[in-house]
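Hi,

Here is the structure I promised to pass on. Have a look at it first, and my notes follow below.

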Amino acid sequence: MLGILLLSLVPSGCHTSKPEPASLSYLRLGWSQPDDLPEMEPLLEQFTRGTGIHVRGLPVPETTLDQLELSRRLLKQVGSGPDVLNIDVIWPGVLEPDLVDLRRDLADEINSLEPQLLQSYAAKGKLVAIPYTVQVGVLQYRSDLLREYGYQHPPRTWDELETMAARIQSGERAKGNKDFWGYVWQGAAAEALTCNAIEWQAAQGGGRIVESNRAISVNNPAAIRSWQRAKHWIGWISPPSVLAYQELDSLNIFDKGGAAFGRIWGGASIARIALFRQMHWRNSLAQSITGYTTIPGGLAGAAGTLGGSGLAVSQYSSHRKEAIELVRFLTRAQIHSNQVDERAVVHEPGTDSASSVSEESRTSETAVRAKLVIRPARETGSHYEQVARAYIDTVHSVLTGDKPAPEAAAALEKELVRITGFPIGPPLKRD
């Protein structure tokens, strides 16, 4: 009887209950990553169904440097910050102390990815993110207007772009479209201006601000000429308001039929840097009259800035194992998506469908490699944000006419020496 009585006193819920499933917070870059899988929400739901792990998205601001500031602030909120983050390709050196080294846990995925991209996410011996989206600066153009004005191919040099843009702009305005412009791009004092300006410099032989040997090269005649050329565009083939344009502003102008050419981001594979697709996530301008090609070149050839994002895990996540599983899942899904898109393009050459690109954009892997210019984030590490802000302010001051280009370049050189402690040197010849 005593045994029965004791048993009766044992709570009926003595069986160990299942632990609550983990819930991850994901700081995901927004519209600025058009290569990101458009099915992201269903994809995260698929991950939850398969693992029981819930994922909660966190909102982000529009501009790259604002996103960096938010990421840095949230990571310091130990225990309540994001578990998984999208980080821009230029952030690893800045965020490295707060991120997990992913080399060991994601070795299989790493072996499937482009080595050059992996280098971009390494900092102080750690691989702080797995490449997720890859972008390269490209030129979009109105293929119907090029044909109408007698051009057989899009501009291959900046000289050709100026000639074509001015002629098409004049012709369209003569038809009554008084607000039509030849070329729109991103001239606001933000990171997008760094991407534009470093393309101008590299094409002219003006280097990449800080070279791979950690020499500050920005104060040179070729870089100065490239800034002066861009200043000349404003009010001629580019609207004065371009000095306030972010990515969405220039996209909207082009999509509404207000420009002949525009600088945008084109998508590439994370498994190999080959410019095989452009995600047409906009539909306000008929895709049948929109073409895509490489950024125009100059004396040193063409140069498209390498962009994109990686997936990182917070050093302070209380669900590190689950966070790494999410990174693994998303990376494998993106690799599969890239492979599907590449097969679609290869098997449907010359189409005008939304998944296709122009023949000019079907560049071989070797050619695309030669057209990449990489911002000096790896060389400057934790100082990149200061370097970028100084560079942006300088170029913007030249474009607005506040400072003459030679004077601005000399002052910038001194400021970069102060920030980094690096020596001054000439631009290195691009491979």
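One bit of bookkeeping before the notes: the expected span of a helix is taken as 1.5 Å times one less than its number of residues. Also keep in mind that this is a predicted model.

With that rule, take helix α9. It has 14 residues, so the span should be 20 Å, and the C-alpha atoms at its ends are indeed 20 Å apart. The cover on α9 is easy to describe: 14 of its 14 residues are buried. Right after α9 comes Gly205, with a positive phi near 90°.

I ran the check on α15 too. Its 17 residues should span 24 Å, and the end C-alpha atoms lie 24 Å apart, so the numbers agree. α15 is mostly covered as well, with 13 of its 17 residues buried. The residue that follows α15 is Gly401, and its phi is positive, near 85°.

Now the wider view. The chain has 16 helices and 13 strands. Out of 431 residues, 57% count as buried. The exposed area of the chain is about 18700 Å², and carbon and sulfur atoms supply 53% of that. If you take the contacts between residues at least 6 apart in sequence, 79% of them join residues at least 24 apart.

On confidence: the average pLDDT of the chain is 84, and 81% of the residues score at least 70. There are stretches to be careful with. Over residues 31-38 pLDDT stays under 50, and the model has 36 contacts beyond four places in sequence for them. Residues 344-370 also stay under 50, with 46 such contacts in the model. Where pLDDT is low, the predicted coordinates should not be read in detail.

Then the aromatics, which you may enjoy. A pair of aromatic rings is described by the distance of the centres and the angle of the planes. Counting rings whose centres lie within 6.5 Å, there are eight aromatic pairs. How do the planes of Trp185 and Trp200 sit to each other? They are at 85°, with the ring centres 5.3 Å apart, and since planes over 60 degrees apart count as edge-to-face, this pair is edge-to-face. Trp185 is in the loop between β7 (181-184) and α9 (191-204), while Trp200 is in helix α9 itself; the two are 15 residues apart, and the pair links distant parts of the chain. Are these two buried or exposed? Trp185 has a relative accessible area of 0% and Trp200 one of 3%; buried means under 20%, so both are buried.

Another pair is Trp227 with Tyr391. Their ring centres are 6.2 Å apart and their planes are at 70°, so this pair is edge-to-face too. Trp227 belongs to helix α10 (residues 221-233) and Tyr391 to helix α15 (residues 384-400), so the pair ties together parts 164 residues apart in sequence. Trp227 is buried at 0% relative accessibility, and Tyr391 is buried at 1%.

Ring pairs also build a cluster, made up of Trp158, Tyr183, Trp185, Trp200 and Trp233. Besides the ring pairs, there are charges over rings. The charged end of Arg173 sits over the ring of Trp181, 4.3 Å from its centre. Arg263 does likewise with Trp265: its charged end is over the ring, 4.3 Å from the centre.

A couple of backbone oddities turned up in the loop between α9 and α10. Most residues other than glycine have a negative phi, and most peptide bonds are trans. Ile209, though not a glycine, has a positive phi of about 80°. Ile209 is in that loop and is buried, with a relative accessible area of 2%. Arg214 has a positive phi of about 65° and is not a glycine either. Arg214 lies in the loop between α9 and α10 too, but at 43% relative accessibility Arg214 counts as partly exposed.

Last one: Ser25, in strand β1 (residues 23-27). Ser25 counts as buried, at 5% relative accessibility. Leaving out residues up to four places away in sequence, Ser25 touches Arg56, Leu58, Gly81, Pro82, Asp83 and Val84.

Cheers

Terms used. Residues are numbered from 1 along each chain as its sequence is written. This is a predicted model: local features need pLDDT of at least 70, side-chain atom pairs count only at pLDDT 80 or more; totals for chains, interfaces and linings use all residues. Side-chain values use heavy atoms; hydrogens and water are left out. Rings of Phe, Tyr and Trp (its six-membered ring) pair if their centres lie within 6.5 Å; planes under 30 degrees apart count as stacked, over 60 as edge-to-face and the rest as tilted. Helices (H or I, at least four residues) and strands (E, at least two) are DSSP runs, numbered from the N terminus. Buried means under 20% relative accessible area, exposed over 50%, partly exposed in between (1.4 Å probe, protein chains only). A charge sits over a ring if NZ of Lys or CZ of Arg is within 6 Å of the ring centre and within 35 degrees of the ring normal. Contact means heavy atoms within 4.5 Å. Accessible areas come from the Shrake-Rupley method with a 1.4 Å probe; for residues, only the protein chains shown count as cover. pLDDT is the predictor's confidence in each residue, from 0 to 100.
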